[in-house]
Every structure is written in structure tokens, then in C-alpha cells.
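Subject: Structure for you to look at

Hello,

As agreed, I am passing the structure on to you. Please open it first and keep it on screen while you read the notes underneath.

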Amino acid sequence: MSAPDPLLRAAPRLDVERVREDFPILRQQVHGKPLVYLDNGASAQKPQQVIEAVTRCYREYYSNIHRGIHMLSQTATAAFEEARGKVARFLNAPSEKEIIFTRGCTEAINLVAYSYVRPRLRAGDEILISAMEHHSNIVPWQILCEETGAKLVVVPISDAGEISLEDVESRITERTRIVGIMQVSNALGTINPVREIVRIAHARSVAVLVDGAQAVPRMAVDVQDIGADFYAFSSHKLYGPTGVGVLYGRLDLLKTMPPWQGGGDMIRSVSFERTEFAEPPARFEAGTPNIAGVIGLGAAVDYVTALDLRAIEAHEADLLRYATELVSEIPGVRIIGTAAEKAGVLSFVMEDAHPHDIGTILDADGVAIRSGHHCAQPVMQRFGIPATARASFGLYNTRVEVEQLAASIRKVRDLFA
Ligand code: PMP
């Protein structure tokens, strides 16, 4: 047996039973059974602290931001900008000016595509991604390639669901304009070596966008340590409200980028002859943002920070290990995604049972998992399957829930055997 990871050993313990009390939605029954929520990769539930922060905003000080000189507007502006500071510290970004609020991770990636890459892209240029990307880190690049005659280059994945650094290195050329890579795969659970990928790309003067949608809820992220030029994530997977996302971008790059949407709040001055754009981040935040949502994201950041991301990571690692052990013992089950470095995502298929049947039978037991292609159809094609069933863990899941998952999967097997 290998020695335990010293970082994990040092991690504080998560008091899961205490934590569960913060999530009112978990107290309910589904089909007469206690809810076992294992669809956190799609979206996570919200703690009372987040719900209250959003409610307090609407009850006590809601107003539009950045414009009014009246009391409510100033309070709302202060709370909104305070959330920006929280996110900057959460990612260890050097400056709050590097934090742009968007509608989600998808919009953050599109912002980079349209504002950073598109003005630099010529016919024959290349965009490098991996074969495990979410559609949101594939389709925006394909649209740009169609428009410009640029080429999408894809790093392959192994049978275990890993990419190799050699494959990344060999595919970066003189024509590569950006590398887009996910830190944690939503379909396979693979943790990619993003720090090393950034080092390889930077040695060739190529910028890197990291899709951190599945990473920020599961591990401490330090954008300076990773060295990423851009880092994107969604609030709703981090126990925060929906409709909010974040793009971190290096300030020197953001300053070179044109706006990608025009409107209020992103200008310095407007006349019909000429408009001067505001400095980042305002330049990229046209229109009224999701004010209460951003404030709720600030509360979510406070929440996971207080619990300690190292404790959350260790807890999910334990759940993943236990689930892998129990589920792989079930005859006919094949786990898809067996990377050495994996986060709390367990995708699997079963002989004779379609993933949708698995999802339906588990739902009858109150166990919520996801069945489908997980917005990663190329991953399904790579493994020659139409879909997988996927359990994805969150900070409030327990070992008992993992046992319920395994017991329900056994039922599926008994039904289909
Ligand atoms: N990237 C990854 C890895 C994801 O899992 C998701 C959401 N499933 C996204 C990007 C897109 O996030 P959103 O839909 O919140 O914009």
C-alpha cells in the first residue's frame, strides 16, 4: 500500500452530519425514501447561508449597482464588489480587477473565445483542446474555426481517460493561439495536470484557458500557482446561485482585449461619434448583472472556505474510493474513467441496462444520479458507448449514501440479469 498523501493527512476533517443541517433540501424524501443527492456534477445544492444572503439582498438592500447615489444602491454596490474581492482571494488572483462576472462558465469561455482569441485568429491557426472537454469548451472554438478557417486540434485520451503531456507538447505548434483544457472532467473524473500543461504552453508563448467548473467545488485552486492566463467556473456547482459565473483573466491580457458585448456599465463615455470603453473588469460586464446571484456566490465562497477546501477534497476522495470499491464489485458494471488522479465523479455502464434505466430505477430508491452524455459526446464516442450513469459527490454526501447507491445498482443488476 502506498503511503498516504501528506496533504490529505494534514487536511482538517469535515463534520458531514453538521454540514448536512445547512442544506434544507436534503431533508426531504423522494418516492418515500430519503433523498440521496449524487448529481452534484450537474449542479450542487445550496446551504442556508447562500439562500439567506440572496434573500437578505432582496429583502433589505436590493437596488441596481454602480449607478445610484442613494443609500440602497451604494449598499448593493458595496456587497457586489465585496463578492468580487472574495472570489479574487478564493482563486488567489493578484487583483480584483481580474475577476469578471458572467452568466456562467459557458459564457466565461465564450468571452475568451470572442474577445481574446478571435481578434488574433487567422486562417490556418490552431486551437488546442483535449478529447475530454465539455461541449462548452469545444463548440465556441468550432464556431470560431468555421468563421476564420482556423483548425481545432485535439489531444487524445487513453483508455483510462488520461491525457499525456507528450501529446500536449507535440500538438503545440507555431500556429497554436490558445490551449483550452478542463482541470477536472465532468464525465470521467480525471484531474488533468493543468500546471504542467500551462508550463509547456507558456514555453511556446501560448496562452491557456482552464475550465475549472468541476475543480473549484472539489479542491483548492490557486490561479497563480497554476499559471493560467484564464480560468472559468460557474457559481451553481460551487453551492452558489445559478446564472452567475466567473472569468479570471490576467490583467495585462484583459487590458488588450476589446469588449465582446456593448451596453451600459462597460463604458467610460458615449457619444454617437465615439465611445470610450471602461477598464477591465467593467469593460466585460455590459448591462445589469445578476446582483443577488453574485452576492450569493460570495456567500458560497465564504461557506466552502470556512469548511476548508482541503477537507472537502479529502472527504470526496474517501467517498470516491469507497464507491469505486463497492460499485466495481457488482457483476456486469464497468467504470468509465479510471485515471490515477480522479475527483469525486463515478461514471459507469452496465451490461444489458441502459444508463437511463439505471437512472430511473435508482430514482425510485430516492437516489439522484445523472444518465446521459454529460455534454461530452466525444468522450462517449471515444469509449464506444451512448451514455453513462454518473454519480458525482458533494461535500454533504456520506458513506451510508454510497452504500445506498451500491445497493440500488445491485437491484438494477438483479432486474436485468
Ligand atoms: N465545463 C464543465 C467541466 C462542466 O461540467 C460544465 C457544466 N456541466 C460546464 C463547463 C458548463 O457550465 P455551465 O453550464 O454552468 O456554464
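The second largest pocket holds about 370 Å³ of space. It is lined by 22 residues, and those closest to its centre are Gly-41, Ala-42, His-134, Asn-186 and Lys-237. Please keep in mind that this is a predicted model.

By class, the lining of the second largest pocket splits into six nonpolar, eleven polar and five charged residues.

Where does the second largest pocket lie with respect to domain 1 and domain 2? Domain 1 covers 6-30 + 308-416 and domain 2 covers 50-306. Both domains give residues to the lining, so the pocket lies between them.

Next, the ligand. The ligand sits in the second largest pocket. The residues around the ligand are these:

- Cys-105, Thr-106, His-134 and Ser-136, among others
- also Met-182, Asn-186, Asp-211 and Ala-213
- and Gln-214, Ser-234, His-236 and Lys-237

Sorted by class, this shell has three nonpolar, seven polar and two charged residues. His-134, Asn-186 and Lys-237 are worth finding on screen: they are among the residues around the ligand, and they are also among the lining residues closest to the centre of the pocket.

Which atoms of the ligand do Cys-105, His-134 and Asp-211 approach? For Cys-105, a backbone N or O atom lies 3.4 Å from an oxygen atom of the ligand. The other two residues use their side chains: a polar side-chain atom of His-134 is 3.2 Å from a nitrogen atom of the ligand, and a polar side-chain atom of Asp-211 is 2.5 Å from a nitrogen atom of the ligand. On its own the ligand would expose 390 Å², and the protein buries 84% of that.

The last item is the search for cavities. How many cavities of 30 Å³ or more does a search of the whole structure find? The search gives one. The largest cavity has a volume of about 40 Å³. Its lining is made up of Leu-128, Ile-129, Ser-130, Val-155, Ile-163, Val-168, Val-179, Gly-180, Ile-181 and Ile-197.

Regards

Notes: Residues numbered from 1 in each chain as written. Predicted model: local features only at pLDDT ≥ 70, side-chain atom pairs only at ≥ 80, totals over all residues. Heavy atoms only, no water. Near = heavy atom within 4 Å. Polar contact = N/O pair within 3.5 Å; in protein donor to acceptor, adjacent residues only side chain to side chain. Areas by Shrake-Rupley, 256 points an atom, 1.4 Å probe, with all protein chains shown as cover. 1 Å grid on protein atoms, 1.4 Å probe; cavity = no way out; pocket = protein on both sides within 12 Å on 5 of 7 lines; lining within 4 Å. Sits in = over half its atoms within 2 Å of the grid points. Nonpolar A, V, L, I, M, F, W, Y, C, P; charged D, E, K, R; others polar. Points joined across faces, edges and corners; volume = space filled by probe spheres on them. Domains from an automatic or database assignment.
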